[in-house]
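Biologist: I would like to learn how to read a model like this one. Please take me through its features in turn.

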Amino acid sequence: MTSLMSTLLLLQCVSTLVFTTISTPPDDPVKCVSGNSDCTVTNSYGAFPDRSTCRAAEVTYPTTEAELISIVAAATKTGRKMRVTTRYSHSITKLVCVDGTDGLFISTKFLNHTVQADADAMTLTVESGVTLRQLIAEAAKIGLALPYAPYWWGLTVGGMMGTGAHGSSLWGKGSAVHDHVTEIRMVSPGSVNDGFAKVRVLSETTTPNEFNAAKVSLGVLGVISQVTFTLQPMFKRSLRYVMKNDSDFGDQAVTFGKKHEFADFIWLPSQGKVVYRMDDRVLVNTSGNGLFDILPFRSQLSAALAIIRSSEETQERFRDANGKCVGATLISSTLFASSYGLTNNGIIFTGYPVTGSQNRMMSSGSCLDSLQDGLITACPWDSRIKSEFFHQTTFSVPLTQVKSFIDDIKSLVKIERKSLCGLELYYGILMRYVTSSPAYLGKETEALDFDLTYYRAKDPLTPRIYEDFIEEIEQIALFKYNALPHWGKNRNLAFDGVIKKYKNAPAFLKVKESFDPTGLFSTEWTDQILGIKGNVTIVKDGCALEGLCICSEDAHCAPTKRYLCRPGKVYKEARVCTRVSGISVIQSLFKSSKKIHLQYIWRESDKTQSKPMVFSYSPSYGFPQNAVVWRTLLGLLCIFTLVLTAVSTPPEDPVKCVSGNANCTVTNSYGAFPDRSTCRAASVAYPTTEDELVAIVAAATKTGQKMRVTTRYSHSITKLVCTDGTKGLFISTKFLNHTVQSDAKAMTLTVESGVTLRQLISEAAKVGLALPYAPYWWGLTVGGMMGTGAHGSSLWGKGSAVHDYVTEIRMVSPGSVSDGFAKVRVLSETTTPNEFNAAKVSLGVLGVVSQVTFKLQPMFKRSLTYTMRNDSDFGEQAVTFGKKHEFADFLWLPSQGKVVYRRDDRVAVNTSGNGLYDFLPFRSQLSVAIAIIRSSEETQERFRDANGKCVGATLISSTLFGTSYGLTNNGVIFTGYPVIGSQNRMMSSGSCLDSLQDGLITACAWDSRINGEFFHQTTFSVSLTQVKSFINDIKSLIKIEPKSLCGLELHYGILMRYVTSSPAYLGKETEALDFDITYYRAKDPLAPRLYEDFIEEIEQIALFKYNALPHWGKNRNLAFDGVIKKYKNVPAFLKVKESYDPTGLFSTEWTDQILGIKGNATIVKNGCALEGLCICSEDAHCAPTKGYLCRPGKVYKEARVCTRVSGINEALSVS
């Protein structure tokens, strides 16, 4: 669920919330060669069911009824065929087409005015080109509302009347728009006496036959000019979505619409779930200003849409059914978690029910309501770009037969669970209630309308995954249950014999004959569906694949691709294109030189023949086989990355004071220390120069005031910034952020300690120099890196620790009376080697680092390629890979059995390439989206949804890998490996910091001011000689439970970086591999995690079995239990500490504990092991009331971990 939110959030919440008012509206569906002559028309999706091109000699755009009359008259006089087109042409069927090439298109684009609004009579008269959006808005202006309508507001009044468009309701007159019409003005062909055109005014009272024919006219009676609606007083709706399993759905579907006025469903049959829409009318004065801006109807980045479509094509090509199901789960959960686009106030969703006025809750389509942006963004189905391309099959099954139909679909799903995941990628089966209508071509009875949307290939002869299952559902509905097809949303076969299903068809045809006796508004296609002449099905090779026919022989399917015409699986009368195993086919999947290795067996009757084929597909770096992944990528990357890089709210100052700079608290970037304590001080000081710093330290030393240093962003998880008690002093280096001296010739750079890594990299680059190794996050300060031993990844040169490239340190520490109570110490490897090696990793206990001088290198470039492999030989590779590649690292995905190898090497500075590494998780995120992710992760933990975690892990890791983790070849887009760029552009990033204030609309993902990421980090360095054994121990745990570490992979996997031994007394002791593990942390410290025991055991295996060194800034308390005994030079460090600060003014209870001076860093209390404050030694240290007891490890028996024991009474409410 949480991972799915990564999609939602990105794909929807982002694409949606960011691009709501930025999009390119659709083109006019009519295109002409010269002016308004020699024209073609299409639908919004760019292709009719038979893929034909519809032509006409010209198009006209009347702006008034008088102009319309003259146009119809002129065409009638010459016997010219006519058809009406609308502004957006949303009907999939060929309702807009005219026969031949000599006809006339009449567009209602400019017949878009309100004629009359009468609040007292509650009527509204509009022209037929008015969109549903305009209709809703005009009604609201006079306090009225259309009670029911389609959900997409881009339809026109004439278009809705032409096809019988509807919403969802069994109440009142039902959900069809035409049943709320009281008068229609129509212009149809006339006699000579009529001047060749006749205006007909139709109503239920004066002309009931003609009126009921015109309410759903298919455009064959003439052109609707004006329509009068009878409306209702404005009301509000209260809406709630609920997801349930579909075990009793057949029964519920029959009765639910009688309980809720605006009820509908989204059915996810492959998942066995249904989303119920509980939607009812409430009084207009009910509190609430909700808005329903449906997520799939919002703007999307065109580049992202192209990626989605390409990935879906790849998925179909490789028959990746599992991937479709992963994506289906992701997308449906994402949409549900984001309430499908509902907001309580037009901005954010705060909870159910959402209450809002009818005009704000009934329909949407914000991708239409926007400015031109040159197709940077568009509606998701816009045919001008590479975008969604699909079939729609929509039909109404009588309510009396709905349960049986649902059971038939369930029977199909039982045969193959994955068969309908493709429908769920398109949001599931939308089901809306309709009632019987007096319209002659309206609904015949109370029914449930099923709307199925599914993949359509660009090649009409290409079959789909589980082609036969959807074909069978279509035929079950249409022929077994006599369902009525939607006039505007179906493939040809749906209209085979359809007119026989309408009892009033003869009356309709009689009106048609009266209004248009020569058939000027009719076409071959309308004659076919109305049963006048011919049949709408088209029989030819491959016709069944596109729904042009029902197959009756194999040639109607795709026999060369193993799809043959076979009976249905449940409905034996069906004839569907089924993929038959064992048919010999050799197809080139690509026109490229990719090789394919495949051994296949051909079996037919009793013959068996084995033939080897050279067939080996190697997907390119950018296309993980799980195409659905791209739905995340798209959102997560293409959007967040490209759009929000420079839009974000930077983190707050970690120090907060009650009054001025007095009575202060400090926290870290994540808002909580490992023990969740609050760190206080009497005041904070912000020196801007070394002199000011000296004066501050002197004043505090003179009075014996405790001091600790804080940094600009406070990124250490541990309590390094805390001072004891409440009377201490925080010294912030926030404004000690200047460059002191740069010397290009000597290749040195001296900066103050508050300078960030970003500034350091930038200043070095200005003089053609580079820091060779550094952490990947550039929000760290120089002093912070020196305090914790921060590092990058390398075994080369002096190693990856920043402090090993320092040549001089200026430090201000407490002094004697003769020193003026403060002393500036200038330390270097040559003049003061002992003090220098102590100060390089100081934990802040020696004083305040004032300035640091770095020895840099000439600027160089790096060439980087990511490769994903299985982890079968990872133990051996981990030991040797760092010797082969200078900047090597790994992302290990142990539950997936995969490793991402970073092949990253130095190249000459004149090598071509201007790559940039702007790491995706370090970019800005929408705060609303982050909150959704966090909430979903909490839900996942609450319901112990291990499968969901693993689905999300696969999605996120594939997404990040597919987008090269944020690498681009030119700072804009990724075009392929290797990515080559200068060291200053490739080493570190953190663009969510480098931005303007935007009121927390966006933020870094872990910003504690919002409901963002909240996690533990466990980071330690395992000696390279023991890495293989440690990796094998983790693999042994995975064998016990493969799902156990999916939670780590939701947080991008285990990052592994190389480090070397350092002369720093508290630096690394040997060549090692640093394991950085990030995982969920509950807001409640007494709430255990999924697979709590597995992560605890890994932590203890590393720290105690393999004597790993913990990172000073990224660990929980237990990691520091006895840690100082692991450092051979600790006596020398403590000697320097005693010399520099004999009274311990810069020391705290916590630093004394981790340095072994006094006490222990662990905290023993109930539940302490859940937060890593202790290692459990009794059940009370875990969560016994929730079934978690203290038990030995599964692989490392000496470990003591909190294990969920089955059979323990869990008094835990998950509601």
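Biologist: Which cysteine forms a disulfide with cysteine 657, and how far apart are their sulfur atoms?

Modeller: First, the ground rules. This is a predicted model: local features need pLDDT of at least 70, side-chain atom pairs count only at pLDDT 80 or more, and totals for chains, interfaces and linings use all residues. Residues are numbered from 1 along each chain as its sequence is written, and side-chain values use heavy atoms, with hydrogens and water left out. Now the general idea: a disulfide is a covalent bond between the sulfur atoms of two cysteines. The cut-off here is a pair of cysteine sulfur atoms within 2.5 Å. Cysteine 657 pairs with cysteine 664, with the sulfur atoms 2.0 Å apart. The link is right-handed, with 100° about the S-S bond.

Biologist: Are cysteine 657 and cysteine 664 buried or exposed?

Modeller: Buried means under 20% relative accessible area, exposed over 50%, and partly exposed in between (1.4 Å probe, protein chains only). Cysteine 657 has 26%, so it is partly exposed. Cysteine 664 has 0%, so it is buried.

Biologist: How many disulfides are there?

Modeller: The count is 14 disulfides. Among them is cysteine 32 with cysteine 39, sulfur atoms 2.0 Å apart. This link is right-handed, with 100° about the S-S bond. Cysteine 32 is partly exposed at 26%, whereas cysteine 39 is buried at 0%. Cysteine 992 and cysteine 1004 form another, with their sulfur atoms 2.0 Å apart. The S-S torsion of cysteine 992 and cysteine 1004 is about 100°, so the disulfide is right-handed. Cysteine 992 lies in the loop between α23 (983-986) and β48 (1002-1003), and cysteine 1004 in the loop between β48 and β49 (1015-1023), 12 residues apart. Helices (H or I, at least four residues) and strands (E, at least two) are DSSP runs, numbered from the N terminus.

Biologist: In what order do the strands of the open sheet run?

Modeller: Strands of a sheet pair through backbone hydrogen bonds, either parallel or antiparallel. Two strands pair here if DSSP finds at least two bridges between them. Five strands form the open sheet, in the order β6-β7-β11-β9-β10, with antiparallel pairing. β6 (114-118) and β10 (197-203) each have a single partner strand, so one side of each lacks a neighbour in the sheet. β6 pairs with β7 (residues 123-127) over four bridges. In that pair, alanine 117 stands opposite leucine 124.

Biologist: Which helix packs on the sheet?

Modeller: Helix α2 (residues 65-78) does, touching β9 (181-189), β10 and β11 (223-230). Contact means heavy atoms within 4.5 Å. The direction of α2 makes about 40° with that of β9. Axes are lines fitted to C-alpha atoms, for helices over the stretch in contact, and angles run from 0 to 180 degrees between N-to-C directions.

Biologist: How many aromatic pairs does the structure hold?

Modeller: There are 54 aromatic pairs. Rings of Phe, Tyr and Trp (its six-membered ring) pair if their centres lie within 6.5 Å; planes under 30 degrees apart count as stacked, over 60 as edge-to-face and the rest as tilted. Tyrosine 61 and phenylalanine 110 form a tilted pair: 5.7 Å centre to centre, 55° between the planes. Tyrosine 917 and phenylalanine 919 are edge-to-face, at 6.2 Å and 85°.

Biologist: Which residues form one aromatic cluster with Tyr917 and Phe919?

Modeller: Trp777, Tyr866, Phe922, Tyr965 and Trp1006 form one aromatic cluster with them.
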